[in-house]
Amino acid sequence: MKSFTYTGQPARVIFGSGTLSRLAAEIERLGCGRALVLSTPEQADHAREVMSRIGGAAAGLFDGAAMHTPVSVTEKAMKTVADLGADCTLAIGGGSTIGLGKAIALRTDLPQICVPTTYAGSEMTPILGETANGVKKTQRTLKVLPEVVVYDVDLTLSLPPALSATSGMNALAHAAEALYAEDRNPVISLMAEEAVSALARALPDVVADGSNRATRSDALYGAWLCGVCLGSVGMALHHKLCHVLGGTFDLPHAQTHTIVLPHAIAYNAPAAPEAMAALSRALGADEPGRALFDLAGGLGAPRALRDIGMPEDGIARAVDLALENPYWNPRRIERDTIHELITRAWAGEPPEAG
Ligand code: NAD
């Protein structure tokens, strides 16, 4: 066994079906009684359901959460926090809504309860990305790590098939890169392999029949583990590329991850044999990059960056940006091979064999 450092992140996790019924007790357990419920405009109904469950412990609703946590939205929510005298936040939704709860926690230290309804995994990380004047800045601080996470499988039943597919692939990316992270460790690697296995098994069934609680439960369990991986060890080429592509061309988050992942994994395959062995076991296939490409295809998810709005003349700019600010990756980042990678991902071609 090689030497390693493992840092556990404190978090209380409640997982199951019907767990919304536990929310009132969790608010009380935190010593709170005035929760500001957060959601996107599209999930205001989910938020109202939560408010009716927690009754008098709901101070009010802010349903203006938006993608990439714009500071302008956070400022409006901060006014609501002050007006209502909220003593905790209860975020119900995906990464966008959970991001808003984290942004409020950063400014106020209010405890957070999260009820995730996608597979993005933000609820398990001490990471916050905020956008101001078109620039997204990401920071890592324990101030934003949620205190309590309540996974209720029932809420994921309404996640549409297309979003289930791409959100699930987004989650897989966290686990896949955790397996070759510079600061990887045996505990997180165990979780990562289990996560990839659970999600790869569940996602085709989830997309075929989103109302099946058993497969939804497997997918959410896998997504939870993926979130732990993201919050515990550093990420590499894949996350860097998605950050560059999403930020530069305003591409949708989960779809971008879905398209890039097979290519990033195939790129790193020659330099990360142990990670590839774990991915091969979890995916039941010899070539993990190709297997992820096939999985995305089977889910009916997009596989070409050109299909989600990236212009062809953006490839050269993306390569330049991917090479800026050296960052750790198991394989050296070289201009020609990265150009080839992005070109294939743009065109929707399978990844190069590793
Ligand atoms: P999202 O939160 O933007 O949700 C997408 C849409 O789906 C929203 O309109 C939402 O209301 C809706 N939706 C969510 N769950 C639903 C459900 N069960 N039924 C019906 N509709 C539902 O998408 P996301 O992919 O979860 O999050 C993306 C954002 O999260 C990005 O800004 C990304 O940067 C951030 N993120 C942050 C971290 C982190 O650790 N800080 C990790 C992952 C993602």
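These are legends for a set of close-up views of one predicted model.

Everything here comes from a predicted model, where local features need pLDDT of at least 70, side-chain atom pairs count only at pLDDT 80 or more, and totals for chains, interfaces and linings use all residues. Residues are numbered from 1 along each chain as its sequence is written, and side-chain values use heavy atoms, with hydrogens and water left out.

**View A. A nonpolar patch on the surface brings together Met1, Phe4, Tyr6 and Val187.**
The patch covers about 450 Å². To join a patch, a residue needs over 30% relative accessible area and no salt bridge; nonpolar side chains (Val, Leu, Ile, Met, Phe, Trp, Tyr) are joined within 5 Å, and like charges within 9 Å. Areas come from the Shrake-Rupley method with a 1.4 Å probe, and for residues only the protein chains shown count as cover. Val187 sits in helix α7, residues 186-208. Helices here are DSSP runs of H or I with at least four residues, strands are runs of E with at least two, and both are numbered from the N terminus. Val187 is partly exposed, at 31% relative accessible area. For burial, the cut-offs are under 20% for buried and over 50% for exposed, with partly exposed in between (1.4 Å probe, protein chains only).

**View B. Here's the second largest pocket, with a volume of about 520 Å³.**
Its lining is made of 21 residues, and Lys2, Leu179, Arg184, Ser189 and Glu274 lie nearest the centre. The elements giving two or more residues to this lining are α7 and α11 (273-283). Helix α11 supplies the largest share, 5 residues. By type, the lining splits into 13 nonpolar, 3 polar and 5 charged residues. In that tally, Ala, Val, Leu, Ile, Met, Phe, Trp, Tyr, Cys and Pro are nonpolar, Asp, Glu, Lys and Arg are charged, and the others, Gly among them, are polar. A pocket is an open set of points on a 1 Å grid over the protein atoms alone, where a 1.4 Å probe fits, with protein on both sides within 12 Å along at least five of seven lines; lining residues have an atom within 4 Å of a point. Grid points are joined across faces, edges and corners, and the volume is the space filled by probe spheres set on the points.

**View C. Arg290 and Asp294 pair up in a salt bridge.**
The closest N and O atoms are 3.2 Å apart. A salt bridge means a side-chain nitrogen of Lys or Arg within 4 Å of a carboxyl oxygen of Asp or Glu, and the structure holds 12 of them. Both partners belong to helix α12 (residues 288-298), and because they are 4 residues apart, about one helical turn separates them. Arg290 is partly exposed at 37% relative accessible area, and Asp294 is also partly exposed, at 40%.

**View D. A salt bridge links Arg335 to Asp320.**
This time the closest N and O atoms are 2.9 Å apart. Arg335 is in helix α14 (residues 335-347) and Asp320 in helix α13 (residues 315-323), so the pair ties together parts 15 residues apart in sequence. Arg335 is partly exposed, with 45% relative accessible area, and Asp320 is partly exposed too, with 36%.

**View E. Arg332 and Glu334 also meet in a salt bridge.**
The N to O distance is 3.9 Å. Arg332 counts as exposed at 65% relative accessibility, while Glu334 is partly exposed at 33%.

**View F. Two loop residues, His68 and Asp250, have positive phi values.**
For His68, phi is near 70°, a positive value in a residue other than glycine. His68 sits in the loop between β3 (58-62) and α3 (71-84) and is partly exposed, at 25% relative accessibility. For Asp250, phi is near 55°. Asp250 is in the loop between α9 (237-249) and α10 (253-268), and it is exposed, with a relative accessible area of 62%.

**View G. Two buried residues, Glu26 and Leu38, round off the set.**
Glu26 belongs to helix α1, residues 23-29, and has a relative accessible area of 3%. Its C-alpha is 9.9 Å from that of Arg12, with the two residues 14 apart along the chain. Leu38 is part of strand β2, residues 35-38, with 0% relative accessibility. Leu38 and Gly60 are 22 residues apart in sequence and 8.9 Å apart in space, C-alpha to C-alpha.
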